[in-house]
Amino acid sequence: MAQDLDFDEDDLRTLAGPRSFERGRAYLAAVTAVEVGDGWITATVQGTDAYQVELTLDEPDGLAGECACPYGMEGNFCKHLVALGLAVLAEPEAVPRKRGQARTRAQELDAWLGALPKNVLLALVREQVAQDRKLARRLELRAASASGDLVEVRAWIRELLDTAPFARYGYVEYTDARAYGEQASQAASAIAALTAAGRPADAISLSREAMRLLSEAQETIDDSDGHLGRIGAALAEAHHDACRAASPDSDETARWLVGHLLSDLDDLTGIGPLDYEEVLGAQGMHRVGELAAAAWRRNRTGRAEKYLMERLARAEGDVDGWVAVHAADPAPDGSTHLTVARELDTAGRPEEALRWAERGIAETHEDVTPDVALIDYLCDRYTRADRLLDAVALRRVQFATSRSLVTYQQLRTAAQATGCWQAEREGALVLLRADAGQRQPSWYGGPVLVDALLDDGDIDAAWQAAAETRAHDRQWRALADQARSVRSADALEVYLRLIEPLMNQTGNAVYERLAGLLLSVRDCHHHLGTEDEFTAYLAALRADQKRKRNLMRLLDQNGL
């Protein structure tokens, strides 16, 4: 790895994925206008358009990057970023040297600015403000924050978060969302400046208002790239810093925090109930718990209320409180009981966990199929506790309510462990024969009875069941494959029937199926001692299908 470059090709491949990494190699020659700063590298990469790309070198999580291409705008590490990274790695000595030069220039600039007389420095700032409207806006906000004019700052914040200048027909399209995000992000900077200027109480008020305005804006923006989430997080940080500086009333702050966590704003800001533990202290956090519990009691099925109570209970290590939240609104299929059981297992309370799982089965609504994962959990617990008959009984009920090959196999496994499979099998087959008589197929076609008998290896019974019911072609193929050494003539008849409709179809997938069936037909003739019949059949087929060149090539490859 090159000196001062904290990444290599493996890092680029990990960030981009194998496909984008390989595609990025092809764009290496399209990288131009590379500029190196102290911690960043920018360039233009010519793709469908000329895209501006930037690598950030010293992020806490390692290398990061942004690109103006559509894929990059979605937050992905794209092929253009890979190309820039590879271009940088191709000159391992140049980038460290240029980074050092950029660092030196920054230090010299800082020293020069520090030595300028005030009037010269002011003239320079005024010149830059006149040329850069974004810089002017940021400085205007700083000036308003320092001047004490709260009304003016509030007006600025509202203007920054207003979507109207970016909206077309009342909605901010994807192509305009980035520009809105860049403007709106200045609101968080302005609020943070208030705290820095010794006005944290004003910052608290404005950050709360800004979070509300941002939430309202969310409904009218295509925020596919997540700009609003980053702004929301910055506003939340500004609010938290202001609270730490101001030491606000704990009861009022607790009320605000709970109200915020129960609102839609929580999705944008990512604030957690414990984030304010230092600000609120023990008494304030106790108040948060009281308010959250009161809200939950008023609406025990509310998603936000339940989630808040869960987080508070988990943070306090209150397993019983966590269980109570879930117990108040159980799912009708027992899945909630399984969630509770697993939590109790984690807490080292296996006996209670088992009782909760058993309650889940007992309390499942009559018209609802029990959660499959709950049944699997219980059967595993029963097996480990040597309660094998209980596991069989549960699998028997499961099979009776949801008859499929999988539930048949699970019943068989449980019953074989107790030596009672023969009796259980007879009962299961009675149910499957009844289904077959009513022509109730499995979800992937054909009666489950045929699949079950096939899975048992009972070929004769499976063949008879297939003949008596509307078996699926898939099942007939499986039957023929298993029986062709002992029932070669019957299997041959099946294969020839399956081949017939394929003769009028095209496509490589069809040809693969046809070749496989022909190999099976050849095997049947071998068992029957009628190889000459197969030779004549194959010759006629090849003559009829000779225009299908891919088929002919495939038959040649298979020795047909």
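**A buried histidine, two cores and some aromatic pairs**

With a relative accessibility of just 3%, His337 counts as buried. The model is a predicted one, and this histidine is a handy place to start reading it. His337 sits in helix α17, which spans residues 335–346. Setting aside neighbours within four places in sequence, the residues in contact with His337 are Pro330, Trp356, Arg359, Gly360 and Glu363. Glu363 deserves a second look: its side chain makes a polar contact with the side chain of His337, at 3.0 Å. Along the chain these two residues are 26 apart, and their C-alpha atoms are separated by 9.4 Å in space.

A comparable pairing of side chains turns up at helix α8, where Arg154 is found. Here the side chain of Arg154 makes a polar contact with that of Glu209, at 2.8 Å. Glu209 is also on the list of residues in contact with Arg154, together with Ser205 and Leu206, once neighbours within four places in sequence are left out. Which residues of α8 are buried? The helix runs from 150 to 160, and its buried residues are Val153, Arg154, Trp156, Ile157 and Leu160. Looking down the axis of α8, these buried residues fall within an arc of 160 degrees, so they line one face of the helix. Arg154, then, belongs to the buried set while its side chain also has a polar contact with Glu209.

Next come the nonpolar cores. As a rule, nonpolar side chains in soluble globular proteins tend to be buried together. In this model the largest nonpolar core has 51 residues, and the ones with the most contacts inside it are Tyr408, Leu432, Leu479, Leu518 and Leu555. Helix α27, residues 508–528, gives the most to this core, contributing 8 residues. A second core, separate from that one, has 50 residues, among them Val172, Ile191, Ala217 and Ile231.

Leu432 gives a close-up of the largest core. What does Leu432 touch, not counting residues up to four places away in sequence? The list reads Phe399, Arg403, Tyr408, Val448, Leu449 and Ala452. Two of those names come back when the aromatic residues are considered: Phe399 and Tyr408 form one aromatic cluster with Trp421. Tyr408 therefore shows up as a contact of Leu432, as a member of that cluster and among the residues with the most contacts inside the largest core.

The aromatic pairs in the model come to 5. In one of them, the ring centres of Phe166 and Tyr180 are 5.6 Å apart and the ring planes stand at 80 degrees, so the pair is edge-to-face. This pair links distant parts of the chain, with Phe166 in the loop between α8 and α9, Tyr180 in helix α9, and their positions 14 residues apart in sequence. Phe166 and Tyr180 are both buried. Trp463 and Trp476 make another edge-to-face pair, because their ring centres are 5.6 Å apart and their planes are at 80 degrees. Trp463 lies in helix α24 (residues 459–468) and Trp476 in helix α25 (residues 473–483), so this pair ties together parts that are 13 residues apart in sequence. Trp463 is buried, with a relative accessible area of 9%, and Trp476 counts as buried too, at 15% relative accessibility.

The loop between α8 and α9 holds a backbone oddity as well. Most residues other than glycine have a negative phi. Tyr169, found in that loop, has a positive phi near 55 degrees. Is Tyr169 buried or exposed? At 87% relative accessibility, Tyr169 counts as exposed. Ala33 is another non-glycine residue with a positive phi, about 55 degrees. Unlike Tyr169, which is placed in a loop, Ala33 sits in a strand, β1 (residues 31–36). Ala33 counts as exposed, with 57% relative accessibility.

Finally, there is a strand pairing to mention. Strands β3 (residues 50–59) and β4 (residues 62–67) run antiparallel and are joined by 5 bridges. Together β3 and β4 form a hairpin, with 2 residues between the strands. One of the partnerships across this hairpin matches Glu54 with Glu66 of β4.

Conventions:
Residues are numbered from 1 along each chain as its sequence is written. This is a predicted model: local features need pLDDT of at least 70, side-chain atom pairs count only at pLDDT 80 or more; totals for chains, interfaces and linings use all residues. Side-chain values use heavy atoms; hydrogens and water are left out. Buried means under 20% relative accessible area, exposed over 50%, partly exposed in between (1.4 Å probe, protein chains only). Helices (H or I, at least four residues) and strands (E, at least two) are DSSP runs, numbered from the N terminus. The arc is that of the directions from the helix axis to the C-beta atoms. A nonpolar core is a set of buried Ala, Val, Leu, Ile, Met, Phe, Trp, Tyr and Cys residues joined through side-chain atoms within 4.5 Å. Contact means heavy atoms within 4.5 Å. A polar contact is a pair of N or O atoms within 3.5 Å; within protein, one must be able to donate a hydrogen and the other to accept it, and residues adjacent in sequence count only if both atoms are side-chain atoms. Two strands pair if DSSP finds at least two bridges between them. Rings of Phe, Tyr and Trp (its six-membered ring) pair if their centres lie within 6.5 Å; planes under 30 degrees apart count as stacked, over 60 as edge-to-face and the rest as tilted.
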